[in-house]
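Thank you for making the time this morning. I would like to walk through one structure with you, going from its aromatic rings to a patch on its surface and then to a sheet and a helix.

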Amino acid sequence: PGAMEVDGSDPRTLYNRGVAAHEPLVAMHVAQSLQPERRLQRAAEPHAGGPAGVPSVTLNGFRDASSAPQGSASGVGGLAVPGRHAARDGLGNGVSMASSGLSLSAAWAGNCSASSSPGRRMASCPACPDASSGLYPRVYEIWPRVGGRNRFLCWGRCITGPRIDLWYNVCAWSFIVGPSAFYFVVCSPYLWREVSPYLPILTALVLISTIVFLLLTSCSDPGIIPRHSLQNLIVGLDEEVAQVTGVPPPSVDLETSEPVCELTEEQERQGCRWCQSCKVVRPARSSHCRDCDNCVLTFDHHCPFVNNCVGQRNYAFFSAFLVSTMCLGFAVVSGIAIWASHLGKHQEHEGVGRVWLWFILVALGVPLAVLLLGVLGLSVFHTFLVCRGRTTREALTGRVSIAGRTLCTLRGRSLIHARSR
(Lines give C-alpha, C1' and ligand atoms only; values in the text may rest on other atoms or scores of the structure.)
Protein backbone atom coordinates (compact mmCIF):
# COMPACT_ATOMS: atom_id res chain seq x y z
CA PRO A 1 0.00 0.00 0.00
CA GLY A 2 2.90 2.40 0.59
CA ALA A 3 3.72 2.45 -3.12
CA MET A 4 0.17 3.05 -4.36
CA GLU A 5 -1.04 6.28 -5.87
CA VAL A 6 -4.68 6.93 -5.05
CA ASP A 7 -6.56 9.78 -6.61
CA GLY A 8 -8.99 9.93 -3.68
CA SER A 9 -12.04 10.54 -5.85
CA ASP A 10 -13.58 7.13 -6.40
CA PRO A 11 -14.53 5.06 -3.33
CA ARG A 12 -14.71 1.89 -5.42
CA THR A 13 -11.12 2.42 -6.49
CA LEU A 14 -10.04 2.93 -2.91
CA TYR A 15 -11.89 -0.19 -1.84
CA ASN A 16 -10.45 -2.38 -4.58
CA ARG A 17 -6.89 -1.20 -4.17
CA GLY A 18 -7.04 -1.53 -0.38
CA VAL A 19 -6.52 1.33 2.02
CA ALA A 20 -3.85 0.96 4.70
CA ALA A 21 -4.84 -1.35 7.54
CA HIS A 22 -4.59 1.34 10.18
CA GLU A 23 -6.80 3.87 8.37
CA PRO A 24 -10.12 2.56 9.77
CA LEU A 25 -8.87 2.94 13.34
CA VAL A 26 -7.57 6.45 12.59
CA ALA A 27 -10.87 7.38 10.97
CA MET A 28 -12.73 6.29 14.08
CA HIS A 29 -10.33 8.22 16.29
CA VAL A 30 -10.85 11.34 14.25
CA ALA A 31 -14.61 11.04 13.92
CA GLN A 32 -15.23 10.49 17.61
CA SER A 33 -12.95 13.36 18.60
CA LEU A 34 -14.85 15.96 16.59
CA GLN A 35 -17.88 17.94 17.71
CA PRO A 36 -21.11 15.91 18.01
CA GLU A 37 -22.55 17.46 14.86
CA ARG A 38 -19.53 16.27 12.84
CA ARG A 39 -19.42 12.64 13.94
CA LEU A 40 -19.73 9.96 11.30
CA GLN A 41 -23.23 8.51 10.86
CA ARG A 42 -23.82 5.20 9.17
CA ALA A 43 -26.36 5.29 6.31
CA ALA A 44 -29.12 2.71 6.07
CA GLU A 45 -28.49 1.89 2.40
CA PRO A 46 -25.15 1.28 0.61
CA HIS A 47 -23.52 4.06 -1.39
CA ALA A 48 -24.41 4.03 -5.06
CA GLY A 49 -20.81 4.32 -6.16
CA GLY A 50 -19.31 1.81 -3.71
CA PRO A 51 -19.27 -1.95 -3.73
CA ALA A 52 -22.07 -4.02 -2.25
CA GLY A 53 -22.04 -4.20 1.52
CA VAL A 54 -19.95 -1.03 1.93
CA PRO A 55 -21.98 1.47 3.95
CA SER A 56 -21.84 5.14 3.18
CA VAL A 57 -21.29 7.88 5.73
CA THR A 58 -22.73 11.31 6.19
CA LEU A 59 -20.88 14.43 7.18
CA ASN A 60 -22.91 17.30 8.55
CA GLY A 61 -25.99 15.63 7.06
CA PHE A 62 -24.64 15.50 3.44
CA ARG A 63 -24.28 12.18 1.63
CA ASP A 64 -21.42 13.13 -0.70
CA ALA A 65 -18.91 15.84 -1.34
CA SER A 66 -20.99 17.45 -4.08
CA SER A 67 -23.71 18.46 -1.63
CA ALA A 68 -21.43 19.19 1.32
CA PRO A 69 -20.19 22.71 1.97
CA GLN A 70 -16.88 23.62 0.46
CA GLY A 71 -13.97 22.81 2.75
CA SER A 72 -15.84 20.28 4.86
CA ALA A 73 -14.50 17.24 3.03
CA SER A 74 -12.19 16.22 0.24
CA GLY A 75 -13.41 13.58 -2.18
CA VAL A 76 -16.49 11.44 -1.95
CA GLY A 77 -17.12 10.56 1.66
CA GLY A 78 -13.93 12.31 2.77
CA LEU A 79 -13.47 13.70 6.26
CA ALA A 80 -11.66 16.91 7.12
CA VAL A 81 -9.94 16.96 10.49
CA PRO A 82 -9.51 20.42 12.03
CA GLY A 83 -6.07 20.18 13.53
CA ARG A 84 -6.08 18.22 16.79
CA HIS A 85 -5.67 14.77 15.31
CA ALA A 86 -3.54 13.96 12.30
CA ALA A 87 -2.13 10.75 10.92
CA ARG A 88 -0.30 9.44 7.93
CA ASP A 89 -2.50 8.27 5.10
CA GLY A 90 -0.49 5.04 4.86
CA LEU A 91 -0.03 5.45 1.10
CA GLY A 92 3.47 6.90 1.04
CA ASN A 93 2.29 10.47 0.59
CA GLY A 94 2.99 11.69 4.10
CA VAL A 95 0.16 13.66 5.66
CA SER A 96 -2.72 14.29 3.27
CA MET A 97 -4.35 17.58 4.20
CA ALA A 98 -7.68 19.00 3.09
CA SER A 99 -8.58 22.67 3.24
CA SER A 100 -9.02 22.55 7.03
CA GLY A 101 -7.16 19.38 8.00
CA LEU A 102 -6.57 15.73 7.18
CA SER A 103 -8.71 13.98 4.55
CA LEU A 104 -9.56 10.34 5.23
CA SER A 105 -11.53 8.12 2.92
CA ALA A 106 -14.97 6.98 4.03
CA ALA A 107 -14.52 3.76 2.09
CA TRP A 108 -12.68 2.26 5.06
CA ALA A 109 -15.81 0.34 6.04
CA GLY A 110 -15.49 -1.88 3.01
CA ASN A 111 -11.81 -2.45 3.68
CA CYS A 112 -12.61 -3.55 7.23
CA SER A 113 -15.10 -6.24 6.17
CA ALA A 114 -14.14 -9.61 4.84
CA SER A 115 -15.35 -10.03 1.28
CA SER A 116 -16.73 -13.48 1.87
CA SER A 117 -18.47 -12.83 5.22
CA PRO A 118 -19.75 -9.26 5.69
CA GLY A 119 -20.39 -9.75 9.39
CA ARG A 120 -16.78 -10.55 10.24
CA ARG A 121 -14.27 -7.81 11.07
CA MET A 122 -10.66 -8.10 10.12
CA ALA A 123 -8.23 -8.72 12.96
CA SER A 124 -6.12 -5.73 11.93
CA CYS A 125 -8.96 -3.28 12.55
CA PRO A 126 -10.63 -4.00 15.91
CA ALA A 127 -12.52 -0.71 16.11
CA CYS A 128 -14.45 -0.86 12.86
CA PRO A 129 -18.22 -1.34 13.01
CA ASP A 130 -19.85 -4.69 12.43
CA ALA A 131 -21.28 -4.83 8.93
CA SER A 132 -24.27 -6.87 10.08
CA SER A 133 -25.35 -4.70 13.01
CA GLY A 134 -23.75 -1.37 12.10
CA LEU A 135 -22.55 -0.92 15.69
CA TYR A 136 -19.05 -0.28 16.93
CA PRO A 137 -17.63 -2.92 19.30
CA ARG A 138 -17.67 -2.34 23.02
CA VAL A 139 -14.49 -1.46 24.86
CA TYR A 140 -14.17 -4.84 26.56
CA GLU A 141 -14.36 -6.57 23.18
CA ILE A 142 -11.28 -4.77 21.85
CA TRP A 143 -9.48 -4.47 25.19
CA PRO A 144 -6.55 -6.75 24.15
CA ARG A 145 -5.77 -4.21 21.41
CA VAL A 146 -6.21 -0.97 23.36
CA GLY A 147 -5.61 -2.07 26.98
CA GLY A 148 -3.41 -4.28 29.10
CA ARG A 149 -3.59 -7.92 30.20
CA ASN A 150 -6.70 -7.61 32.35
CA ARG A 151 -9.65 -9.86 31.57
CA PHE A 152 -13.32 -8.93 31.54
CA LEU A 153 -16.10 -11.09 32.92
CA CYS A 154 -19.90 -10.93 32.66
CA TRP A 155 -19.84 -9.08 29.34
CA GLY A 156 -17.65 -6.26 30.58
CA ARG A 157 -19.29 -5.73 33.96
CA CYS A 158 -16.36 -7.19 35.94
CA ILE A 159 -12.63 -6.87 35.40
CA THR A 160 -9.91 -9.06 36.87
CA GLY A 161 -6.21 -9.67 36.45
CA PRO A 162 -4.18 -11.72 33.96
CA ARG A 163 -4.26 -15.48 33.59
CA ILE A 164 -0.81 -15.90 35.13
CA ASP A 165 -2.39 -15.42 38.58
CA LEU A 166 -4.87 -18.27 38.14
CA TRP A 167 -3.18 -20.83 40.39
CA TYR A 168 -2.46 -18.28 43.11
CA ASN A 169 -6.13 -17.36 43.09
CA VAL A 170 -7.14 -21.04 43.20
CA CYS A 171 -4.83 -21.49 46.21
CA ALA A 172 -6.52 -18.59 48.04
CA TRP A 173 -9.98 -20.00 47.38
CA SER A 174 -8.86 -23.46 48.53
CA PHE A 175 -7.57 -22.12 51.84
CA ILE A 176 -10.89 -20.38 52.42
CA VAL A 177 -13.39 -22.94 51.16
CA GLY A 178 -11.65 -26.16 52.27
CA PRO A 179 -11.41 -25.63 56.06
CA SER A 180 -14.78 -23.84 56.07
CA ALA A 181 -16.47 -26.80 54.36
CA PHE A 182 -15.02 -29.19 56.95
CA TYR A 183 -16.18 -26.89 59.72
CA PHE A 184 -19.79 -26.72 58.54
CA VAL A 185 -20.11 -30.36 57.46
CA VAL A 186 -18.36 -32.08 60.37
CA CYS A 187 -18.10 -29.69 63.31
CA SER A 188 -21.14 -27.43 63.13
CA PRO A 189 -23.75 -30.11 64.07
CA TYR A 190 -21.99 -30.72 67.39
CA LEU A 191 -21.45 -27.00 67.99
CA TRP A 192 -25.11 -26.27 67.23
CA ARG A 193 -26.37 -28.89 69.71
CA GLU A 194 -23.81 -28.82 72.51
CA VAL A 195 -22.24 -25.36 72.50
CA SER A 196 -24.39 -22.64 70.91
CA PRO A 197 -26.16 -22.18 67.58
CA TYR A 198 -24.77 -18.65 67.42
CA LEU A 199 -21.25 -19.91 66.81
CA PRO A 200 -22.01 -21.58 63.41
CA ILE A 201 -24.29 -18.68 62.45
CA LEU A 202 -21.62 -16.05 63.12
CA THR A 203 -19.04 -18.15 61.31
CA ALA A 204 -21.34 -18.40 58.29
CA LEU A 205 -21.80 -14.62 58.25
CA VAL A 206 -18.05 -14.10 58.40
CA LEU A 207 -17.56 -16.61 55.58
CA ILE A 208 -20.09 -14.80 53.42
CA SER A 209 -18.41 -11.44 54.06
CA THR A 210 -15.01 -12.94 53.22
CA ILE A 211 -16.25 -14.27 49.88
CA VAL A 212 -18.03 -11.00 49.06
CA PHE A 213 -14.98 -8.84 49.77
CA LEU A 214 -12.72 -11.24 47.86
CA LEU A 215 -14.97 -11.00 44.82
CA LEU A 216 -15.17 -7.22 45.10
CA THR A 217 -11.39 -7.00 45.26
CA SER A 218 -10.83 -9.45 42.42
CA CYS A 219 -13.54 -8.26 40.04
CA SER A 220 -13.53 -4.47 40.37
CA ASP A 221 -11.51 -1.83 38.58
CA PRO A 222 -8.55 -0.91 40.83
CA GLY A 223 -8.29 2.52 39.19
CA ILE A 224 -6.84 1.83 35.75
CA ILE A 225 -5.83 4.89 33.75
CA PRO A 226 -6.94 4.31 30.14
CA ARG A 227 -4.19 4.26 27.58
CA HIS A 228 -3.90 6.99 25.00
CA SER A 229 -5.24 4.67 22.30
CA LEU A 230 -8.38 3.98 24.35
CA GLN A 231 -8.88 7.64 25.19
CA ASN A 232 -9.02 8.38 21.48
CA LEU A 233 -11.79 5.85 20.94
CA ILE A 234 -14.25 7.20 23.53
CA VAL A 235 -15.65 10.69 23.05
CA GLY A 236 -14.75 12.92 25.98
CA LEU A 237 -12.69 10.29 27.79
CA ASP A 238 -9.48 12.31 27.60
CA GLU A 239 -11.18 15.24 29.34
CA GLU A 240 -12.62 12.90 31.96
CA VAL A 241 -9.19 11.39 32.64
CA ALA A 242 -7.69 14.87 32.89
CA GLN A 243 -10.36 15.88 35.40
CA VAL A 244 -9.80 12.82 37.59
CA THR A 245 -6.00 12.79 37.45
CA GLY A 246 -5.52 16.56 37.46
CA VAL A 247 -3.12 16.25 34.51
CA PRO A 248 -4.01 17.79 31.14
CA PRO A 249 -4.00 15.52 28.08
CA PRO A 250 -0.67 15.32 26.27
CA SER A 251 -0.25 17.04 22.94
CA VAL A 252 -0.16 14.98 19.75
CA ASP A 253 2.57 15.04 17.13
CA LEU A 254 0.95 15.86 13.78
CA GLU A 255 3.52 13.82 11.88
CA THR A 256 3.24 10.55 13.80
CA SER A 257 -0.07 10.97 15.68
CA GLU A 258 1.82 9.90 18.80
CA PRO A 259 1.38 11.74 22.11
CA VAL A 260 4.27 13.90 23.20
CA CYS A 261 5.46 14.10 26.81
CA GLU A 262 5.62 17.71 27.97
CA LEU A 263 5.94 17.60 31.76
CA THR A 264 6.57 20.87 33.52
CA GLU A 265 8.93 21.20 36.45
CA GLU A 266 5.99 21.75 38.79
CA GLN A 267 4.38 18.49 37.63
CA GLU A 268 7.61 16.59 38.14
CA ARG A 269 7.95 17.98 41.66
CA GLN A 270 4.40 16.84 42.38
CA GLY A 271 5.30 13.29 41.38
CA CYS A 272 3.84 13.12 37.87
CA ARG A 273 5.60 10.72 35.51
CA TRP A 274 5.33 9.83 31.84
CA CYS A 275 4.47 6.21 31.08
CA GLN A 276 6.12 5.07 27.89
CA SER A 277 3.92 1.97 27.66
CA CYS A 278 0.50 3.60 28.14
CA LYS A 279 1.44 6.96 26.57
CA VAL A 280 -0.16 8.85 29.45
CA VAL A 281 1.00 11.10 32.27
CA ARG A 282 0.68 9.34 35.62
CA PRO A 283 -0.33 11.52 38.56
CA ALA A 284 1.38 11.28 41.93
CA ARG A 285 1.22 7.89 43.73
CA SER A 286 0.25 6.11 40.51
CA SER A 287 2.39 3.41 38.98
CA HIS A 288 2.51 1.00 36.07
CA CYS A 289 1.79 -2.61 37.00
CA ARG A 290 4.01 -5.00 35.07
CA ASP A 291 1.65 -7.93 35.60
CA CYS A 292 -1.50 -6.21 34.34
CA ASP A 293 0.40 -3.85 31.99
CA ASN A 294 -1.68 -0.85 33.05
CA CYS A 295 -1.18 2.33 35.05
CA VAL A 296 -3.21 2.34 38.28
CA LEU A 297 -4.24 5.30 40.44
CA THR A 298 -2.81 5.23 43.99
CA PHE A 299 -1.15 1.92 43.19
CA ASP A 300 -0.53 -0.19 46.31
CA HIS A 301 0.62 -3.54 44.92
CA HIS A 302 -0.38 -6.37 42.64
CA CYS A 303 -1.78 -9.29 44.62
CA PRO A 304 -1.77 -12.59 42.70
CA PHE A 305 -3.94 -14.26 45.35
CA VAL A 306 -6.86 -11.95 44.56
CA ASN A 307 -5.87 -11.90 40.87
CA ASN A 308 -5.93 -8.15 40.59
CA CYS A 309 -4.09 -4.96 41.36
CA VAL A 310 -4.84 -3.18 44.61
CA GLY A 311 -5.29 0.52 44.06
CA GLN A 312 -7.47 3.51 44.73
CA ARG A 313 -10.80 1.91 43.84
CA ASN A 314 -10.47 -1.47 45.62
CA TYR A 315 -8.05 -0.87 48.50
CA ALA A 316 -10.94 -0.61 50.97
CA PHE A 317 -12.32 -3.94 49.70
CA PHE A 318 -8.88 -5.52 50.09
CA SER A 319 -8.52 -4.27 53.67
CA ALA A 320 -11.99 -5.57 54.56
CA PHE A 321 -11.07 -8.90 52.96
CA LEU A 322 -8.00 -9.20 55.19
CA VAL A 323 -9.97 -8.45 58.34
CA SER A 324 -12.81 -10.82 57.47
CA THR A 325 -10.37 -13.60 56.52
CA MET A 326 -8.58 -13.21 59.84
CA CYS A 327 -11.90 -13.41 61.73
CA LEU A 328 -12.94 -16.43 59.67
CA GLY A 329 -9.69 -18.21 60.46
CA PHE A 330 -10.06 -17.70 64.19
CA ALA A 331 -13.71 -18.81 64.10
CA VAL A 332 -12.95 -21.98 62.14
CA VAL A 333 -9.92 -22.87 64.27
CA SER A 334 -11.91 -22.33 67.47
CA GLY A 335 -14.80 -24.49 66.26
CA ILE A 336 -12.52 -27.32 65.11
CA ALA A 337 -10.60 -27.17 68.41
CA ILE A 338 -13.83 -27.47 70.44
CA TRP A 339 -15.00 -30.38 68.28
CA ALA A 340 -11.61 -32.12 68.50
CA SER A 341 -11.46 -31.79 72.29
CA HIS A 342 -14.91 -33.37 72.57
CA LEU A 343 -13.91 -36.09 70.13
CA GLY A 344 -10.73 -36.84 72.08
CA LYS A 345 -12.69 -37.39 75.28
CA HIS A 346 -15.39 -39.55 73.74
CA GLN A 347 -13.59 -41.21 70.84
CA GLU A 348 -14.53 -44.69 72.04
CA HIS A 349 -18.21 -43.74 71.65
CA GLU A 350 -17.75 -41.93 68.34
CA GLY A 351 -15.88 -44.79 66.68
CA VAL A 352 -12.94 -42.62 65.63
CA GLY A 353 -9.40 -43.71 66.42
CA ARG A 354 -6.64 -41.56 67.79
CA VAL A 355 -4.61 -41.88 64.55
CA TRP A 356 -7.51 -40.62 62.47
CA LEU A 357 -8.03 -37.71 64.86
CA TRP A 358 -4.39 -36.67 64.65
CA PHE A 359 -4.47 -36.93 60.87
CA ILE A 360 -7.44 -34.57 60.71
CA LEU A 361 -5.84 -32.07 63.06
CA VAL A 362 -2.54 -32.04 61.16
CA ALA A 363 -4.16 -31.87 57.70
CA LEU A 364 -6.32 -28.94 58.75
CA GLY A 365 -4.17 -27.35 61.42
CA VAL A 366 -1.08 -26.71 59.30
CA PRO A 367 -2.84 -24.89 56.42
CA LEU A 368 -4.96 -22.92 58.87
CA ALA A 369 -1.92 -21.94 60.90
CA VAL A 370 -0.14 -20.72 57.76
CA LEU A 371 -3.26 -18.84 56.67
CA LEU A 372 -3.74 -17.20 60.03
CA LEU A 373 -0.11 -16.16 60.39
CA GLY A 374 0.01 -14.74 56.87
CA VAL A 375 -3.26 -12.86 57.13
CA LEU A 376 -2.41 -11.59 60.60
CA GLY A 377 0.93 -10.27 59.37
CA LEU A 378 -0.66 -8.59 56.35
CA SER A 379 -3.38 -7.05 58.51
CA VAL A 380 -0.85 -5.57 60.93
CA PHE A 381 1.31 -4.32 58.05
CA HIS A 382 -1.56 -2.59 56.25
CA THR A 383 -2.85 -1.12 59.51
CA PHE A 384 0.58 0.42 59.93
CA LEU A 385 0.49 1.75 56.35
CA VAL A 386 -2.98 3.24 56.80
CA CYS A 387 -1.91 5.03 59.96
CA ARG A 388 1.13 6.50 58.19
CA GLY A 389 -0.68 7.29 54.94
CA ARG A 390 1.62 5.14 52.81
CA THR A 391 1.11 2.53 50.12
CA THR A 392 2.93 -0.79 49.98
CA ARG A 393 5.01 0.39 47.05
CA GLU A 394 6.02 3.59 48.85
CA ALA A 395 6.93 1.66 51.98
CA LEU A 396 9.06 -0.89 50.11
CA THR A 397 10.81 1.51 47.73
CA GLY A 398 11.11 4.47 50.09
CA ARG A 399 10.04 6.88 47.33
CA VAL A 400 7.24 9.06 48.64
CA SER A 401 6.10 12.00 46.51
CA ILE A 402 2.91 13.07 48.27
CA ALA A 403 1.71 11.47 51.50
CA GLY A 404 -2.00 11.10 52.07
CA ARG A 405 -4.85 8.83 52.96
CA THR A 406 -5.01 5.41 51.36
CA LEU A 407 -8.03 3.80 53.03
CA CYS A 408 -10.56 6.55 53.76
CA THR A 409 -10.55 8.10 50.30
CA LEU A 410 -13.23 8.38 47.67
CA ARG A 411 -13.10 5.54 45.15
CA GLY A 412 -14.08 7.73 42.24
CA ARG A 413 -15.72 6.49 39.08
CA SER A 414 -14.14 3.98 36.76
CA LEU A 415 -12.42 5.43 33.71
CA ILE A 416 -12.57 2.28 31.59
CA HIS A 417 -16.21 2.40 30.43
CA ALA A 418 -15.99 -1.24 29.43
CA ARG A 419 -19.45 -1.39 27.90
CA SER A 420 -19.22 1.84 25.92
CA ARG A 421 -19.05 1.75 22.15
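Let me begin with the term that I will lean on throughout: a residue is called buried when its relative accessible area is under 20%, exposed when that area is over 50%, and partly exposed in between. Please keep in mind that this is a predicted model. With that cut-off, Tyr183, at 0% relative accessibility, counts as buried, whereas Phe184, with a relative accessible area of 26%, is partly exposed.

Those two residues bring me to the aromatic pairs, of which the structure holds five. In the pair made by Tyr183 and Phe184, the ring centres are 5.0 Å apart and the planes stand at 85°, so the pair is edge-to-face. The rings of Trp143 and Phe152 are also edge-to-face, because their planes meet at 85°, with the centres 5.3 Å apart. Both Trp143 and Phe152 are buried, and ring pairs link these two residues with Tyr140 into a cluster.

Turning to the surface, which residues make the nonpolar patch there? The patch, of about 810 Å², is made by Trp192, Tyr198, Ile201, Leu202, Leu205, Ile208, Val212 and Leu216. Helix 6, which covers residues 198–218, gives the most to this patch, with seven residues. One residue of helix 6 is Ile201, and Ile201 is partly exposed, with a relative accessible area of 38%. As background for reading such a list, an α-helix has 3.6 residues a turn, so residues three or four places apart point the same way.

Next comes an open sheet of three strands, in the order 7-13-12, with antiparallel pairing. Its edge strands, each pairing on one side only, are strand 7 (224–225) and strand 12 (287–289). Strand 7 pairs with strand 13, residues 294–296, in the antiparallel sense and over two bridges, and within strand 13 it is Cys295 that serves as the bridge partner of Ile225.

Strand 7 also appears in the last part of my tour, which is helix 8. Within helix 8, residues 237–245, the buried residues include Leu237, Asp238, Glu240, Val241, Ala242 and Thr245. What covers the buried residues of helix 8, then? The cover includes strand 7 and helix 7, the latter spanning 228–233. Just after helix 8, finally, Gly246 takes a positive phi of about 75°.

How values were computed: Residues numbered from 1 in each chain as written. Predicted model: local features only at pLDDT ≥ 70, side-chain atom pairs only at ≥ 80, totals over all residues. Heavy atoms only, no water. Phe/Tyr/Trp six-rings, centres within 6.5 Å; stacked < 30°, edge-to-face > 60°. Buried < 20%, exposed > 50% of the residue type's maximum accessible area, 1.4 Å probe, protein only. Patch = residues over 30% accessible without salt bridge, like charges linked within 9 Å, V, L, I, M, F, W, Y side chains within 5 Å. Areas by Shrake-Rupley, 256 points an atom, 1.4 Å probe, with all protein chains shown as cover. Salt bridge = Lys/Arg side-chain N within 4 Å of Asp/Glu carboxyl O. Helix = DSSP H or I, 4+ residues; strand = E, 2+ residues; numbered from the N terminus. Pairing = 2+ DSSP bridges. Contact = heavy atoms within 4.5 Å.
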